[in-house]
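Dear colleague,

I am passing on the structure we spoke about, and I would be glad if you could open it and keep it in view while you read the notes below.

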Amino acid sequence: MKTITRVIFFTIATLVTLAAAPLSANDFPSLSDLRTALESGEKTSAQLVREYRHRIESYNERLNAVTQLSDNALQEAERLDRLRSAGTVLGPLHGIPVLLKDNIDTGDGMANTAGSWLLRENIPADDAFLVRSLRKQGAIILGKANLSEWANFRSTSSSSGWSAVGGQTRNPYDLSRSPCGSSSGSAVAVAAGLVPLAVGTETDGSVTCPAAINGVVGIKPTLGLVSRDGIIPISAHQDTAGPMATTVEGAVALLDAMVGEDPGDPGSIPARGPYRRHLNANGLEGLRIGIVRNLTGYSPKTDAVFEQALETLRAQGATLVDNTNIDTLGDIHAKEFDLLAWEFRDALAEYLETTPVKARSLDALVAANKRARDRELQHFGQEIFIKAQESRGRQEPGFAEEVARLKTLAGEQGIDALLKEHDLDLLVAPTTSPAWKIDLVNGDHYLGSASTPAAVAGYPHITVPMGFVRHLPVGLSFFSGANREDILIAAAYNYEQASGARRAPEIPAGTPRGE
């Protein structure tokens with residue numbers, strides 16, 4: 001109950017800070033700004049922890065982005081300050097606060113809930129591999145970020161950013177609009193200046209969609225670059241954690257600190273970093289870029305901003321090849337959901353076996369959700385849970401063969417085929433539409449996105465702020481073949497520097513009306 005008390009603290013504490021001034025662009029220091037302040041002695045890491053905690057206490061009531069704060073963060077910051085004073089710096093993130101999506105294990109007493117009330121007492125014994133990696137680089141785990149409950153894999157009519165533990169996360173550019181999901185709180189916390197860096201996770205779009213809709217940078221790396229150890233799963237053949245930041249430089253620094261081959265994850269692969277060496281202000285010059293038109297058309301206003309982004313790419317020296325469409329897209333969509341549901345049943349049971357929670361199977365979770373319906377099922381149901389529960393999991397006939405076929409459709413016959421046929425370096429498309437209105441009656445009003453091909457293939461995908469549709473940010477997606485983070489980072493960084501498309505939100509005073 002300690003963790004949930006901490007969650008309620010935000011709600012109560014913030015009620016006395018509603019008169020706080022709206023956040024402005026001056027309140028959003030980048031990672032580079034923070035590192036300069038730490039290195040010069042202008043700031044200490046302990047000061048940063050206190051300042052970000054104060055921001056969270058002041059603004060989280062409006063945003064519902066953060067669910068827990070670590071009791072150890074200030075003590076760890078003081079330890080890192082002592083190391084810095086003695087001349088020891090552990091890495092580029094030394095003394096920098098980071099939030100984790102609330103489906104990642106930590107061994108510091110915080111619960112790992114996936115947003116579910118049923119996991120409120122799931123206190124892991126140790127850190128996930130990626131968390132250990134972050135700590136070794138000097139990052140401070142500030143706390144946990146809200147998410148779409150069960151990573152948006154419980155109901156077909158869910159509201160992105162809603163969880164029974166954290167309530168409804170809200171878009172800082174318009175509190176009436178969705179933050180997308182499932183890494184909703186991670187993206188909103190970064191966008192709103194509640195933390196400089198955050199970790200999300202993605203199966204299909206859960207890093208890139210909230211990053212784009214909240215006007216930040218998100219990186220979904222090649223599958224296996226970041227260990228899946230200690231992350232509440234959906235599917236081993238698509239799941240990965242990924243970094244979020246206000247700048248490409250910040251996201252890449254976080255990526256460098258997260259990657260690493262893990263003997264405990266059979267799908268783990270060696271990194272080709274440090275990826276920060278690919279931050280090239282002329283990274284677009286000479287590149288051949290394919291425009292994937294069949295990942296457009298669902299949002300004409302977004303497409304208009306996309307056309308402006310294409311002009312920026314051309315002006316920076318890239319050659320654009322139009323209508324490089326992924327012809328296998330329909331076949332990919334037709335089978336992806338079934339395979340995710342089948343694997344989810346078994347992968348989740350394997351994770352739950354390592355926890356102290358009583359419900360250790362989908363059968364048990366479905367029944368427990370019904371018993372807690374006033375809390376868990378008040379807005380939408382659990383149709384995906386039931387579909388997965390009624391399957392034979394990985395024992396469904398042809399499961400392994402279908403997974404391999406799906407990856408071929410997205411990779412070899414999809415992205416790879418386009419790159420080879422047109423001699424391309426990478427592909428671009430709008431990441432997704434502007435944020436829709438939060439609708440807890442009907443669920444999300446999702447129109448489309450660019451996430452699926454790279455997600456299914458296990459290939460890298462970076463989204464960068466592209467501009468605005470009225471007051472709402474939209475993102476530009478860069479994706480390519482496996483392990484091509486190098487070329488995507490170079491292109492994304494050049495585009496970011498040339499476009500200057502990001503604008504910080506002006507978070508309004510007061511609180512939104514109830515859910």
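What follows is a short account of what was found in this structure.

Please keep in mind from the start that this is a predicted model, and that the values quoted here were computed from it.

I begin with the disulfide, since a search of the whole structure finds one. Cys180 and Cys209 form this link, with their sulfur atoms 1.9 Å apart, and the link is right-handed, with 105 degrees about the S-S bond. The pair joins distant parts of the chain, 29 residues apart: Cys180 sits in the loop between strand E5 (167-168) and helix H7 (184-191), whereas Cys209 belongs to helix H8 (residues 208-213). Are these cysteines buried or exposed? Cys180 counts as buried because its relative accessibility is 5%, where buried means under 20%, and Cys209, at 5% relative accessibility, counts as buried too. The loop between E5 and H7 also holds Ser182, which is joined to Gly181 by a cis peptide bond with omega of about 10 degrees.

Next comes the nonpolar interior. The largest nonpolar core has 93 residues, and those that touch the most other members are Leu134, Val199, Leu313, Val428 and Phe478. Helix H9 (residues 248-258) gives the most to this core, with eight residues. If neighbours within four places in sequence are left aside, Leu134 is in contact with several residues, including Leu93, Leu100, Val199, Leu254, Ala257 and Met258. Another core, of 25 residues, lies apart from the largest one, and among its members are Ile326, Leu406, Leu427 and Val456. To return to the surroundings of Leu134, Ser133 has its place in helix H5 (residues 129-136) and is buried, with a relative accessible area of 13%. Not counting residues up to four places away in sequence, Ser133 touches Ala257 and Met258.

How do two helices pack against each other here? In general, two packed helices are described by the angle between their axes and the distance between those axes. Helix H10 (residues 300-315) and helix H17 (residues 485-499) pack at an angle of about 105 degrees, with their axes 10 Å apart, and H10 is therefore roughly perpendicular to H17. At this contact, Ala309, Thr312 and Leu313 in H10 meet Tyr495, Ala498 and Ser499 in H17, and the residues of the contact divide into four nonpolar, two polar and no charged.

The loop between H9 and strand E9 (288-291) is also worth a look, as Ala271 is found there. Ala271 is partly exposed, with a relative accessible area of 34%, and, leaving aside its neighbours within four places in sequence, Ala271 is in contact with Leu225 and Val259. Pro274 has its place in the loop between H9 and E9 as well, and the peptide bond from Gly273 to Pro274 is cis, with omega near 0 degrees.

Finally, which residues other than glycine have a positive phi? Asp423 has a positive phi of about 55 degrees; this residue lies in the loop between helix H15 (399-421) and strand E11 (426-430) and counts as exposed, at 55% relative accessibility. Arg470 has a positive phi near 55 degrees, is found in the loop between strand E12 (461-469) and strand E13 (472-479), and counts as exposed at 72% relative accessibility.

With kind regards

Conventions
Residues numbered from 1 in each chain as written. Predicted model: local features only at pLDDT ≥ 70, side-chain atom pairs only at ≥ 80, totals over all residues. Heavy atoms only, no water. Axes fitted to C-alpha atoms, helices over the stretch in contact; angles between N-to-C directions. Helix = DSSP H or I, 4+ residues; strand = E, 2+ residues; numbered from the N terminus. Parallel < 35°, antiparallel > 145°, perpendicular 65-115°, else oblique. Contact = heavy atoms within 4.5 Å. Nonpolar A, V, L, I, M, F, W, Y, C, P; charged D, E, K, R; others polar. Disulfide = S-S within 2.5 Å. Buried < 20%, exposed > 50% of the residue type's maximum accessible area, 1.4 Å probe, protein only. Core = buried A, V, L, I, M, F, W, Y, C linked by side-chain atoms within 4.5 Å.
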